[in-house]
Amino acid sequence: MQFEGIYTPLITPYHADFSLNEAALGETVEHLIAAGVHGLIVAGTTGEYYAQSMEERVDMMRRCKALIAGRVPMIVGTGAIRTEDSVAYAEAAREVGADAILIATPPYAYPTGREIALHALAVDRAANLPAMLYNYPGRMSVDMDEECLDRLGRSPNFCAIKESSGDINRLHMLARDYPHIALSCGMDDQALEFFAWGARSWVCAGSNFAPEAHLALYRACAVDGDFARGRAIMSAMLPLMRVLEQGGKFIQCIKHGVTLRGIDAGPPRKPLQPLNKDDKRALDEVIRTMTATIAAIPGAL
């Protein structure tokens, strides 16, 4: 499988009592497919998998598989602290007909590169599906280092890596030394740099509510090779990215952005709390300005 384009890690819309809002989930899937995103990720961090039971996560896989109905690839996140749980999610993903899986470093345990590789290989054996690795030391405390990547590079299933370290030197290392593992942008404010170094995909939570802007940057850089247009689009998007990454309110911002599109995303599950009025007002203004600015860039939309 070649990961190509914009992949949206789906939110999980909730009612006020934190039960699943099935209608809003369906609306979100339709909105994203109609906008032209290239794939949907179920049980990513943006989907609040960490606040869901195993039964809820498997139920989400089944529901999303039915809603997507083969129109775009469905990638399933297998993130968990215990390898046994990640293996169970991988088996469930295979059973529901996922097109690929996302394999992250187990959080909190602080595994070595060898241990991360053994974890990923166990998950891979359970699913035997194309796999995107997910390196996010900001949440997991450790990197998928060279020892890990050397071990995993021998398996054809590990075909991409979502790189979210923010370390430009790792971007260079991955592009130069591991060309067989496709780069996928996982650090939104470095999307332009990822595309310049050959990335062909971008896993971007903001595409839940602004798919047009994210698709515009992908087309400019990865499809048309027009980095002058890409820089203009990226410049318009940076204020949004700064808002999303500041203050520990990332998921809340994504869900409010979806609500602004007319889909009731509901609150985040605890321990997170919804945005206050000032935060909502600031996000509203940033999105309006970004949308208007990109619309005025020749050829952007």
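This is a short tour of selections to make in the viewer, with what each one shows. The model is predicted.

**Stop 1: a pair of helices**

Select residues 54–68, helix α2, and residues 83–96, helix α3. The two pack at an angle of about 25°, and their axes lie 10 Å apart. Angles under 35 degrees count as roughly parallel, so α2 and α3 are roughly parallel to each other. Their crossing is right-handed.

Now show the side chains at the contact. From α2, pick Met 54, Arg 57, Val 58, Met 61, Arg 62 and Lys 65. From α3, pick Asp 85, Ala 88, Tyr 89, Ala 92, Ala 93 and Val 96. Colour this contact by residue type: eight are nonpolar, four are charged and none is polar.

**Stop 2: the cores**

Which residues touch the most other members of the largest nonpolar core? Select Leu 40, Leu 133, Phe 195, Trp 202, Leu 217, Ile 233 and Met 237. That core has 96 residues. Add residues 211–223, helix α9, which gives the most to this core, with eight residues.

Next, centre on Ile 233. Beyond its neighbours within four places in sequence, Ile 233 is in contact with Ala 213, Ala 216, Leu 217 and Ala 220. The list also includes Ile 294, Ile 297 and Ala 300.

Then look for a second, separate core, of 13 residues. Tyr 7, Met 132, Met 140 and Ala 160 are among them. In soluble globular proteins, nonpolar side chains tend to be buried together.

**Stop 3: Thr 105**

Go to the loop between β4 (100–104) and α4 (113–127), and select Thr 105. Is Thr 105 buried or exposed? Its relative accessibility is 1%, so Thr 105 counts as buried. Leaving out neighbours within four places in sequence, Thr 105 is in contact with Pro 111, Ile 116, Tyr 134, Met 140, Val 142 and Met 144.

**Stop 4: Val 123**

Move along to helix α4 and pick Val 123. Val 123 is at 0% relative accessibility, so this residue counts as buried. What does Val 123 touch, not counting residues up to four places away in sequence? Show Thr 78, Ser 86, Val 87, Ala 90, Ile 101 and Ile 103.

Now draw a distance from Val 123 to His 38. These residues are 85 apart along the chain, and their C-alpha atoms are separated by 24 Å.

**Stop 5: His 172**

Select residues 168–177, helix α7, and find His 172 within. His 172 is partly exposed, with a relative accessible area of 25%. Add Trp 197, 25 residues away in sequence. C-alpha to C-alpha, His 172 and Trp 197 are 7.6 Å apart.

**Stop 6: backbone exceptions**

Most residues other than glycine have a negative phi, and most peptide bonds are trans. The next three selections depart from that.

- Pick Glu 48, in the loop between β2 (39–42) and α2. Glu 48 is not a glycine, yet has a positive phi of about 65°. Glu 48 is buried, with a relative accessible area of 0%.
- Pick Ala 69, in the loop between α2 and β3 (74–77). Ala 69 also has a positive phi, of about 55°. At 53% relative accessibility, Ala 69 counts as exposed.
- Finish at Pro 271, in the loop between α11 (250–260) and α12 (277–295). Show the peptide bond from Lys 270 to Pro 271: this bond is cis, with omega near 20°.

Note on methods: Residues numbered from 1 in each chain as written. Predicted model: local features only at pLDDT ≥ 70, side-chain atom pairs only at ≥ 80, totals over all residues. Heavy atoms only, no water. Axes fitted to C-alpha atoms, helices over the stretch in contact; angles between N-to-C directions. Helix = DSSP H or I, 4+ residues; strand = E, 2+ residues; numbered from the N terminus. Parallel < 35°, antiparallel > 145°, perpendicular 65-115°, else oblique. Left-handed = near helix turned anticlockwise from the far one by under 90°. Contact = heavy atoms within 4.5 Å. Nonpolar A, V, L, I, M, F, W, Y, C, P; charged D, E, K, R; others polar. Core = buried A, V, L, I, M, F, W, Y, C linked by side-chain atoms within 4.5 Å. Buried < 20%, exposed > 50% of the residue type's maximum accessible area, 1.4 Å probe, protein only.
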